[in-house]
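Please open the structure in the viewer and keep the selection tool at hand. The stops below are meant to be taken in order.

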Amino acid sequence: MKALKLDPRTKLLLCLLVNVPIALFQGSSWILLFVGYALLLLLLSKEYKVALIYLGMYAFFEAFGLISSFLPKIIVTILSHLIIGVGLFLPFIAYGFLLIRTTEINDLAIALDKMKMPNSVIISFLVLFRFIPTIKEEKQAIANAMKLRGISFGFKSLATQPMKTFEYMYIPMLFSLLKSGEELTVASLTRGLGGEQKRTYLRTVKMGAVDYGVLFIFLIMMVFVFFVQL
Amino acid sequence: MNNNKLEVKDFISIGLFSAIYLVLYLALIITLGMVPVIYFFIAAISNLIMGTIYTLFISKVGKKYSVAIMGSLIVLIVSFMTGVVWTKLVFGLGAVALAEFFVSRGEYKSFKLNTISFVCFGFLLFGTYASFWILKDEFMQMLIEHSGTEYADIIATFINPTMLIVIIVVTIIGAIAGSFIGKGLLKKHFERAGIV
């Protein structure tokens, strides 16, 4: 069977729509229906690992509630923010996983373009993801350069001289990123980014029958639960 | 900087600064997010660091809507990564709108208005905490049904009104301090190098 491939717009819409049932039926077990739906979509997209991770988070949350009475009070208190953070956002995270794990940045950019988003947002968005790996590389390069001068960025230096360590790491990083930003500007301007013409894309992103079907089933579920709850 | 319209150069700067903001914020969450009480003050701690980015950003780009675009990108990406709860979107985009309003009032040059704007901007990821308080009742009800009242009481130790006020005040102080740190570092390093 082929993996399910949804339009990014469908997934964005699902992420927003899931707020409605959760706000309306908060606290009832009907929420599980919507969590299950997200899991089903993840499985149909062949994202077994992500589905497993999500189930693990759910199991942790449930198991902690069960064994909490055997644990000392202090441990429960210490872990409480994790419990809240995980428990409160669990249903939302299911749809977040669906969006992030099954969407490529290119497709998302095309979808944003089709949603009539301004160019400024789309270009900034693409540059953002382009730079995340660069930041990691820069960090390593700066750490190596600083080692040459006898400055290390370990736990020890952070504990003894937080301000200085921070400054030595942070300022060179900002400098080098500004520099590579300038280079990227020149490179992309010569390739015609920001021209008058509308961009064309190699990939096709289209709302198909499957997308409408997925959204339709979601709406049916919402209406169904709404009437059962009444 | 004669024309006040965003160009490709500025789009790239916006993306760049949002990327640094996101990476640093996620690094903070991963390292400090596990520590119990400190978790609630990550916004304040991050403001100390982000003040420099923000100051550099507005002195480098400083055009209409630049802050708004950067802020909304950060809010949207973080919310879509951790689950889109309406509170996150409402608080985040509200904070960004206020920040843009104040910073454009001072034409991106007045330090006082930039600081006020950064205080608003510092709340852009506040929605995560706010949802703890706003969605508290339903969540507690669920916990009580699941595992009993005692458990729910312990979990709710930190979710009280005093804590909320403390978080807000500390976040504001962090933002003001961050703005001053940013100003100092900018003067010490970037102005001397002729970048700004």
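The tour begins with the model as a whole and then turns to its helices.

**Orientation**

This is a predicted model, in which local features need pLDDT of at least 70 and side-chain atom pairs count only at pLDDT 80 or more, while totals for chains, interfaces and linings use all residues. Residues are numbered from 1 along each chain as its sequence is written, and chains are lettered from A and ligands numbered from 1 in the order in which they are written. The model scores ipTM 0.83 and pTM 0.86.

Colour chain B by pLDDT, the predictor's confidence in each residue, from 0 to 100. The mean for chain B is 86, and 98% of its residues reach 70 or more. Among the elements of chain B, α7(B) has the lowest mean pLDDT, 77, and helix α5 (residues 111–121) of chain B has the highest, 92. Helices here are DSSP runs (H or I, at least four residues), numbered from the N terminus.

**Chain A: two domains**

Select residues 8–109 and 205–229 of chain A for domain 1, then 118–190 for domain 2. These bounds come from an automatic or database domain assignment. The C-alpha centres of the two domains of chain A lie 34 Å apart.

**Between the chains**

Next, display both chains together. Their contact takes 44 residues from chain B and 47 residues from chain A; two residues are in contact if their C-beta atoms, placed from the backbone, lie within 7 Å. On the side of chain B that touches chain A, at least two residues each come from several helices, including α2 (42–60) and α9 (161–190). The most come from α1(B), with 12 residues. By class, this side of chain B has 29 nonpolar, 12 polar and 3 charged residues. Ala, Val, Leu, Ile, Met, Phe, Trp, Tyr, Cys and Pro count as nonpolar, Asp, Glu, Lys and Arg as charged, and the others, Gly among them, as polar.

For one pair of helices across the chains, select α6 (residues 80–102) of chain A and α3(B). Their axes come within 6 Å and cross at roughly 110 degrees. Axes are lines fitted to C-alpha atoms, for helices over the stretch in contact, and angles run from 0 to 180 degrees between N-to-C directions. α6(A) and α3(B) are therefore roughly perpendicular to each other (angles under 35 degrees count as roughly parallel, over 145 as roughly antiparallel, 65 to 115 as roughly perpendicular and the rest as oblique). Phe89(A), Ile93(A), Gly96(A), Leu99(A) and Ile100(A) in α6(A) meet Phe80(B), Met81(B) and Thr82(B) in α3(B). This contact has 6 nonpolar, 2 polar and no charged residues.

**Within chain B**

Keep α3 (residues 66–82) of chain B and add α4 (residues 86–105) of chain B; the two pack at an angle of about 165 degrees, with their axes 9 Å apart. α3(B) and α4(B) are therefore roughly antiparallel. Among the residues in their contact are Gly71(B) and Val75(B) of α3(B), and Gly92(B) and Val96(B) of α4(B).

Finally, exchange α4(B) for α1(B). The axes of α1(B) and α3(B) come within 10 Å and cross at roughly 40 degrees, so this pair is oblique. Their contact includes Phe17(B) and Tyr21(B) of α1(B), and Met70(B) and Ile74(B) of α3(B).
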